[in-house]
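Please open the model in your viewer and keep the sequence panel beside it, so that each selection can be followed in both.

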Amino acid sequence: MLLTRSQESRLFRFSEFFSHLLSPAFSNPRKKHQKKMYGDATNWNEDEYRESILKEREIQTRTVFRTAWAPNPNPDAFVVASSDGTLAFHSMSSLVSQSAAFGYSKGEDFMVAVPEGMVRAHEGPAYDVKFYGEDEDALLLSCGDDGRVRGWKWRDFADSTENHVKPLLELTNPQHKGPWGALSPMPEINAISVDPQSGSVYTAAGDSCAYCWDMESGKIKMIFKGHSDYLHCLVSRSSASQILTGSEDGTARIWDCKTGKCIKVIGCQEKKSRFRISSMALDESESWLACGQGKNIAVWNLPASECVSTISSPAHVQDVMFDEKQILSVGAEPLLRRFDLNGALLSQIQCAPSSAFSVSLHPTGVVAVGGYGGLVDVISQFGSHLCTFRSSSL
């Protein structure tokens, strides 16, 4: 009986597959790696094995909440704040060379990069990191779930080879007194904004308040009360002596830093339809505000007190920032999107984190995206991926 060409092809593939099933390597898949898997049982260390598994799991489940470029004219150094409470300093030149040697034939097996420096900054997640100053004498500030802001001299942090560099500054959120003098839990700090002109640092806290701290004395200068739920984000508008805050209560508020009073409430105040304000950003002129709320980005012209456009996104927005007159956005999807002020989508780039919580832009146009899995994706101004890595842990 004659077979057609297609029948011959199917018969050949079946016979090849069947012979593969009967091969020793398939019947005993461990045989090929038997030596690697079992090794010398007399040297087996159960504790070391368990520790290595836990460490690998910790790396895989870590989240990068913020990246920040160091005050440098070239995009070389940046800091990563993670859910394990660490701040890690990485050098771009080192990462790019490691990335070239690593290659990406391994699919999802991303490069694990050893930081140039690292410190355990907080007990619990580190949520935000900012630089106070524009030169090597700048302070590196971070905040976290432990309700503290800590600051290090950037030069000392970058030059140190140790993992326990002591902070020069520590600000602690106040605890509130309840009945019979009982103190409330320490409210977390979710975001920082700096204003070197007035010598102030602003924090967004879990007790529904924003705080203004004096950098010289380390004391609270002003408390901004009015939100009904905890704060996710804030930005300083130093040209108008204002701050803007975004809350879980679904509103953004504009505050006068001289009086501490709320000037304007932005956003839906109906409980049934509101979404939290997850992120906000000001452009360089401090005239335009972008607010991430649910799956939308609201773009406001602040001098006119007008919302000029609402940008819809397929996934929840988790961070926004301006690049001149364009808006960069990341969220609960592996994409970096770029919009104009009218809401038109200009580009979208695939990025490594399946859910991204941070987008930061260097003045040269290089973008760092950080998120779930402890992943950081560094993308050039032309859209090419310079490197993708996981930062190793302490």
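The tour below visits one sheet and then one glutamine side chain.

This is a predicted model, in which local features need pLDDT of at least 70 and side-chain atom pairs count only at pLDDT 80 or more, while totals for chains, interfaces and linings use all residues. Residues are numbered from 1 along each chain as its sequence is written, and side-chain values use heavy atoms, with hydrogens and water left out.

Select strands S6 to S9 (strands are DSSP runs of E, at least two residues, numbered from the N terminus), and you will see an open sheet of four strands in the order S6-S7-S8-S9, with antiparallel pairing; two strands pair if DSSP finds at least two bridges between them. Strand S6 (126-132) and strand S9 (169-172) stand at the edges with a single partner strand each, so one side of each has no neighbour in the sheet. On average, neighbouring strands of this sheet are turned by 15° against each other, direction ignored, with axes being lines fitted to C-alpha atoms and angles running from 0 to 180 degrees between N-to-C directions.

Next, select residues 139-144 and 148-153, which are strands S7 and S8, joined in the antiparallel sense over five bridges; here Leu139 stands opposite Lys153 in S8.

Finally, move to Gln293 in strand S19 (residues 288-293), which counts as buried because its relative accessibility is 18% (buried means under 20% relative accessible area, with a 1.4 Å probe and protein chains only). Where do polar atoms of the Gln293 side chain lead? One distance runs 2.9 Å to the backbone oxygen of Gly250, and another runs 2.7 Å to the backbone oxygen of Phe275.

Conventions. Buried < 20%, exposed > 50% of the residue type's maximum accessible area, 1.4 Å probe, protein only. Polar contact = N/O pair within 3.5 Å; in protein donor to acceptor, adjacent residues only side chain to side chain.
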